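Visitor: I'd like to learn how to read a structure like this one. Could you take me through it, feature by feature?

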Number of protein chains: 2
Amino acid sequence: MPEGPQRPRRGASTIEEVARAAGVSRQTVSNALNAPQRVRPETLDRVTAAIRELGYQPDQSARSLRSGARRTLGYLAPVDDPLDPNPLMAGFLEALVDAAGAEGQRVLLFRPAPPAGDPAAAIDELVAARQVDGLVLADVLAEDARIAHVARLGVPFVSFGRTGPGQPQHWVDIANDAATAAVVRHLAELGHRRIGYLGAAEDLPWMAARRAGFLAEARRLGLSAVALPAPGTAGAAAAGPGGSGPAVTAVRALLRGPERPTAFAAGSDLLALDVYEAVRAEGLVVGPGGVAVTGFHDTPLCRHLHPALTSVRLPLRAIAAALVDRLLGQVRDGAVPSAGAELATELVVRGSSGWPLPGRQLAGDGGAAAGGQVAADGATAAGSQATAGAG
Amino acid sequence: MPEGPQRPRRGASTIEEVARAAGVSRQTVSNALNAPQRVRPETLDRVTAAIRELGYQPDQSARSLRSGARRTLGYLAPVDDPLDPNPLMAGFLEALVDAAGAEGQRVLLFRPAPPAGDPAAAIDELVAARQVDGLVLADVLAEDARIAHVARLGVPFVSFGRTGPGQPQHWVDIANDAATAAVVRHLAELGHRRIGYLGAAEDLPWMAARRAGFLAEARRLGLSAVALPAPGTAGAAAAGPGGSGPAVTAVRALLRGPERPTAFAAGSDLLALDVYEAVRAEGLVVGPGGVAVTGFHDTPLCRHLHPALTSVRLPLRAIAAALVDRLLGQVRDGAVPSAGAELATELVVRGSSGWPLPGRQLAGDGGAAAGGQVAADGATAAGSQATAGAG
DNA sequence: TTTGTGTGTTTGAACGTTCAAAACACCGAA
DNA sequence: TTCGGTGTTTTGAACGTTCAAACACACAAA
């Protein structure tokens, strides 16, 4: 039988010990940490030295209990389809943790308890136990029950993904339509006049926006454009994550048709893989000489494809920073955002749409679209415009 | 100017209010929550009713301060190469949060502060502030500075990934060698006699183990086997995430050689993509009629390939549960694990190695290896054996 | 009746910090 | 000399909970 927990206060010193060591009172040490300008410089030095000496760090529980500030933000993990997880979850989380850390905040991960999986209950629990100062929601839909719930609760929150017009505009999102519009411009610059789009799960707002941005820009430039799956077809569901067969079939059909597209934009990197397959199945080649292809998300997959896949890169660090900034604005000053923030993406050009050899520069690029800038991996990047949308 | 924070204690009731409502004392309510068997059933009912009535939940900070238990586990996010992130991070985290939640624990995510990125400092901060009861480390190497550090600190911890013989054996890991051995058996059953392996970053212990398991089982079965990149070649680095060119080149060279393998196992799903490319570049076909290919991790990518990729699925939920179990054993009872736990993987057979049409069952499978069992998606799964390794 | 024994409940104290207010030291002006 | 003012430091109380010990009571044994 084990000898029990017996927490031995591993080296953890208290504020009282620091005070004694520095020859001051409790509160002076507290002030030295929380409001140094109130402490005489000479005293501050002594206290700081004692703190370092003893390796003191305030007990977060005691701090929270007294002050009310938890210094912790809750991230509600979206319950996504295990077959089609959000491809940027991990990267976004890292960015979020870093952005929060820069503001002295930690990130608490939570999820609706399986198998029921009621997000509202999970939120209630966390808030009732006062474990967080605010919440970060992700993969938010236009009419999202989670948004309505947290708004009703009155908890500070922000969302990655825009909310509907009737709801609080605490969101940060990328410009999905501008991203695919930039893709269209890129393809147009390369000389493509007939272009296709492969989407999936068009009921998701970001997917719908990508499709819409594609079609709008193509129309504006006078290009011939077709988006798959065609609206109203069962393909919309079938082209989803479960089986990619129908998507490939649809793309192949288009490639066999009279108006064969010379380029295809995909709503995700995985969908681009279906395009690759379809192109090859039709005996065509992916890339400049054949059918140009682009993806979305810029996952590691892009570099492992042959040719490497041109894709839309999301500014994850900027998104995370904006979210934390807006959230802490509410927590600290009660500053409720009145409008969402829309961030620009970056198009990373690789062999699938650009040039056979990766690393070649843009040749004489004086066109209408934004000028290219060389990205980290020798590929060319063209940013889409940033806007701060009004609520 | 905003009107200030003014935290209005949103609906949060205290234990005192519950006590008053139930006509008992503070401590009885506390007992009702923490040691119900000490409370008379009749009283318990009254207290429970009051708790529900008022929507009471104990303040976690107050609880932690007094009892010492934080009810929170820290997860140290590995600082991986952004070009080659751990492909199961997101899924593992979800499983970890669920497993922790089932035990009433939350998960706090933290990372070394960029740009320096010293894990030890990040750990010290978290522990000194007493924000967690224990730590979960991931992507652990044999001689890992983080392990040495937490062991020195005396904090309860576990690791996903085995530790070296001289170190505490608080690990949970998958049987990497058994996983690739199962792959070899699977390929042998299909009739393959000459097989290849494509690895990368062989300095990582799990990658080394996959390679070793592959070679050992091939030798045992008397198969002709070649593992890429060949030891001592610069390809070991070049075949990594950065550019997949060299990997493709090496595989192609092997396919052109006199002893052309009829099957290829890859150390990850992304590497399998390189194999696909090489096979096709040589004018061959991936799948039963041509070159069989297998991957590792069973990422969503597998289903989007044509043919769909046979891959090794990791028991993420079991891993997370084992980690939480071992960690809480230390936290609650001081039960220090004396040996690591090795978990079995599952081989998900799809078209790239099995049969042209996905969904077909294993035909008369009375061979030497473990019997097949049908997995969720109509593919066939064969488990590798589980062992509990001795420290 | 007294004494013990166990069960259920209450009371006082403590966890480590910050808030609120009071105390102190010092300065220059009245 | 007194007074107010300012800057710095200290003191008492509080945050909401659980620990440790005390208490009340019923019942059995002495």
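Visitor: Let's start with one side chain. Is A:Leu215 buried or exposed?

Guide: In between. This is a predicted model, and in it A:Leu215 counts as partly exposed, because 19 other C-beta atoms lie within 10 Å, while a buried residue needs 20 or more. A:Leu215 sits in helix H9 of chain A, which covers residues 205–220.

Visitor: Which residues does A:Leu215 touch, leaving out those up to four places away in sequence?

Guide: A:Ala225 and A:Ala227. You can also look at C-alpha distances: A:Thr180 is 35 residues away along the chain, and its C-alpha atom is 8.8 Å from that of A:Leu215.

Visitor: And chain A as a whole, what is in it?

Guide: Chain A has 14 helices and 14 strands. It runs to 391 residues, and 50% of them count as buried. If you take contacts between residues at least 6 apart in sequence, 67% of those in chain A join residues at least 24 apart.

Visitor: How do I read two helices packing together? Say H2(A) and helix H3 of chain A: at what angle do they pack?

Guide: Look at the angle and the gap between the axes. H2(A) and H3(A), residues 41–54, pack at about 95 degrees with their axes 10 Å apart. So H2(A) is roughly perpendicular to H3(A). From H2(A) the contact uses A:Thr28, A:Val29 and A:Ala32, and from H3(A) it uses A:Thr43, A:Leu44, A:Val47 and A:Thr48. By class, that contact holds 4 nonpolar residues, 3 polar and no charged.

Visitor: Now the DNA. Which residues come closest to strand C?

Guide: DNA strand C has 26 residues around it, and the closest are A:Ile15, A:Ser30, B:Gln27, B:Thr43 and B:Arg66. Helices H1 (15–22), H2 and H4 of chain A, plus H2 and H4 of chain B, each give two or more residues to that surface. Sorted by class, the surface near strand C has 8 nonpolar, 9 polar and 9 charged residues.

Visitor: And which residues come nearest to DNA strand D?

Guide: There are 27 residues around DNA strand D, and A:Ser25, A:Gln27, A:Thr43, B:Ile15 and B:Ser30 come nearest. Here chain A supplies at least two residues from each of H2 (26–34) and H4 (60–67), and chain B does so from each of H1 (15–22), H2 (26–34) and H4 (60–67). The class count for the surface near strand D is 8 nonpolar, 10 polar and 9 charged.

Visitor: What about the place where the two protein chains meet?

Guide: People often give the size of an interface as the accessible area lost when the parts come together. Here we have a residue count: 60 from chain A and 60 from chain B. On the chain A side, the elements with at least two residues each include H4, H5 (89–102), strand S2 (106–110) and H14 (316–333). H5(A) gives the largest share of that side, with 8 residues. The chain A side splits into 29 nonpolar, 15 polar and 16 charged residues.

Visitor: Which way do S2(A) and S2(B) run, parallel or antiparallel?

Guide: The general idea is that strands of a sheet pair through backbone hydrogen bonds, either parallel or antiparallel. S2(A) and S2(B) are antiparallel, joined by 3 bridges. One pair to find on screen is A:Leu109 with its bridge partner B:Val107 in S2(B).

Visitor: Can we follow a sheet inside one chain? What is the strand order of the open sheet in chain B?

Guide: The order is S7-S6-S8-S9, 4 strands with parallel pairing. S7 (224–228) and S9 (292–294) are the edge strands, each pairing on one side only. On average, neighbouring strands are turned by 15 degrees against each other, direction ignored.

Going along the sheet, 5 bridges connect S6(B) with S7(B), and B:Arg194 has B:Ser224 as its partner in S7(B). S6(B) and S8(B) share 4 bridges, with B:Ile195 partnered by B:Ala263. S8(B) and S9(B) pair over 3 bridges, and B:Ala263 stands opposite B:Ala292.

Visitor: Which way do the side chains of S8(B) point?

Guide: B:Ala263 and B:Ala265 point one way, B:Phe264 and B:Ala266 the other, and all are buried. As for neighbours of the sheet, helix H11 of chain B (residues 245–256) lies across S6, S7 and S8, running at about 160 degrees to S7(B).

Methods. Residues are numbered from 1 along each chain as its sequence is written. Chains are lettered from A and ligands numbered from 1 in the order in which they are written. This is a predicted model: local features need pLDDT of at least 70, side-chain atom pairs count only at pLDDT 80 or more; totals for chains, interfaces and linings use all residues. A residue is near a molecule or strand if its C-beta atom, placed from the backbone, lies within 6 Å of it. Ala, Val, Leu, Ile, Met, Phe, Trp, Tyr, Cys and Pro count as nonpolar, Asp, Glu, Lys and Arg as charged, and the others, Gly among them, as polar. Two residues are in contact if their C-beta atoms, placed from the backbone, lie within 7 Å. Two strands pair if DSSP finds at least two bridges between them. Axes are lines fitted to C-alpha atoms, for helices over the stretch in contact, and angles run from 0 to 180 degrees between N-to-C directions. Angles under 35 degrees count as roughly parallel, over 145 as roughly antiparallel, 65 to 115 as roughly perpendicular and the rest as oblique. A residue is buried if 20 or more other C-beta atoms lie within 10 Å of its own, exposed if 12 or fewer, and partly exposed in between; C-beta atoms are placed from the backbone.
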